[in-house]
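Here are some notes for a colleague who is opening this structure for the first time. Please keep the view at hand while reading the numbered points.

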Amino acid sequence: MPTPSTLVLVLVVVAFMIFAALIKRYKRCPSDKILVIYGRTGGSSAHCIHGGGAFIWPIIQDYAYLSLTPISIEANLTNALSKQNIRVDVPCRFTVGISTDADSMNNAAERLLGQTADQIQELARDILFGQLRLVIATMSIEEINADRDKFLENVSKNVEAELKKIGLRLINVNVTDIKDESGYIEALGKEAAAKAINEAKVSVAEQEKIGEIGKAEAVRDTRIRTSQANAEAVKGENAAKVEIANSDADRRSREAEALKIAVAAEKVQEANALKEAYAAQQVAEEARADRERATQRANVIVPQEIEKSRKIIEAEAEAEKIRVNAKGQADAIYAKMEAEGKGMYEVLTKQAQGYDKMVQAAGGDAQKAYMLLLIEKLPDLVRTQVEAVKGIKIDKVTVWDNGTVNADGKGSTANFVSGLMKSVPPLNDLFDMAGMNLPAYLGQKTDADDVTTQEAVGQEKKQ
């Protein structure tokens, strides 16, 4: 019976073998190849990778490589019909290769996978021959022969589209020589050569003419320039003599000028030296003045500034104290007014509660409660009436009456006493203003009093 350590060793070996097998299924793609994974690839016929790598699932997937090595194809096209119905021979060499474009790689995987390089070359040659004939049929001999760039551009445009269908792309096109069976291109060459020769002969004759003319002009110029040179030599000698005399005069003038400049320079240097000395002395005096100002500032201005700052701080402190006191007084006044308001509120509240209880005591009749209040104040009212006539000294009043009787049947004395009593507020009028009737035992107005009152009012209106 195997031991536990043996079982563990067997499991480790099996796991290592499985891991090694899985590692072998990871395939890396070289830079000159395309890795084609086929089988179960998620819906597409193949999955192509250029560069990198991929894991190949066993059983359900497999892989192959497509080479990216360029393929050179020689396509010597003969008897191709041009636009002018002239047959030409166009020897060409094409360089093609498998494209790394995503769509082109899938086309190559579907159409070229498993084929050899020769088979791919033959397939591409057939496409190239057909497209080359098509391009030549759309161009004239002059265009094919003279405008090679246009010819190669048309070839590349048509061939590229067809090669892409099988996953290839055109790398290069090289046209060696173009010939035609009728000798048209050769005749064009001879015409161009003859034209070039004639142009060369004309150019030679033109150059010989220019040479003879140039020779004669050279002889003439030589004679003219020789004479001019002789004249210039004499003129130069004379000018030289004049220049020598002028140079001597200029030398002597410049020596005098230099001497004058030297003397002036010495004077200027002396003046500059004095000026610099004065400037240095001025700087020193200014420095001394600055030092004196700094000393005065330190001794006078700085203490005054300190004193000014101290007074400002004291003023601000005093202002803050006044503000605090004012705020305290305002708070006290507010508290006092608030207390008085609360006291007034309590008084009025209690008074209202007393009035409410008085109305309740009067059976809910406010008129009766009002009468009760008025009765309560009646002694005060009577006292007021008594006070009105209390100070009158009746024994000191003298009334002169001539015995005349007025229209109301009263004499002057009676009217005086009546008017005196009317100056006292009557209780009956007070009760009338309050909307109540005076009790009978306190006295009531008679109809005669009302009539008298009305007559008096009328008499006053007449007056």
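1. A cut-off is needed before the aromatic residues can be discussed: a residue is called buried under 20% relative accessible area, exposed over 50%, and partly exposed in between. Please also bear in mind throughout that this is a predicted model.

2. With that scale in hand, Phe-55 has a relative accessibility of 27%, and because this value falls between the two limits, Phe-55 counts as partly exposed. Trp-57, at 48%, is likewise placed in the partly exposed class.

3. How many aromatic pairs are there? The count comes to two. In one of them, Phe-55 and Trp-57 meet edge-to-face, with 4.9 Å from centre to centre and 85 degrees between the planes. Tyr-63 and Tyr-65 also form an edge-to-face pair, for which the centres are 5.8 Å apart and the planes make an angle of 80 degrees. As for their accessibility, Tyr-63 is partly exposed at 25%, and Tyr-65 is partly exposed at 32%.

4. Turning to the strands, β2 covers residues 33-39 and β3 covers residues 46-49, and the two are paired in the antiparallel sense through four bridges. A reader who wishes to follow this pairing in the view can start from Tyr-38, whose bridge partner in β3 is Ala-46. Together β2 and β3 make a hairpin in which six residues lie between the strands, and within that turn Gly-42 has a positive phi of about 85 degrees.

5. Which strand, spanning residues 61-67, pairs with β2 over seven bridges? This is β5, and the sense of the pairing is antiparallel. Within this pairing, Ile-34 stands opposite Leu-66 of β5. When tracing such strands, it helps to recall that in a regular strand the side chains alternate between the two faces of the sheet.

6. A separate point concerns the surface, where Leu-9, Val-13, Phe-16 and Met-17 form a nonpolar patch whose accessible area is, taken together, about 440 Å². One of these residues, Val-13, belongs to helix α1, which runs over residues 4-24. Val-13 has a relative accessible area of 41%, and because patch members must have over 30%, this value meets that part of the rule. On the scale given at the start, Val-13 is therefore described as partly exposed.

Note on methods
Residues are numbered from 1 along each chain as its sequence is written. This is a predicted model: local features need pLDDT of at least 70, side-chain atom pairs count only at pLDDT 80 or more; totals for chains, interfaces and linings use all residues. Side-chain values use heavy atoms; hydrogens and water are left out. Two strands pair if DSSP finds at least two bridges between them. Patches are made of residues with over 30% relative accessible area and no salt bridge: like charges are joined within 9 Å, nonpolar side chains (Val, Leu, Ile, Met, Phe, Trp, Tyr) within 5 Å. Accessible areas come from the Shrake-Rupley method with a 1.4 Å probe; for residues, only the protein chains shown count as cover. A salt bridge is a side-chain nitrogen of Lys or Arg within 4 Å of a carboxyl oxygen of Asp or Glu. Buried means under 20% relative accessible area, exposed over 50%, partly exposed in between (1.4 Å probe, protein chains only). Rings of Phe, Tyr and Trp (its six-membered ring) pair if their centres lie within 6.5 Å; planes under 30 degrees apart count as stacked, over 60 as edge-to-face and the rest as tilted.
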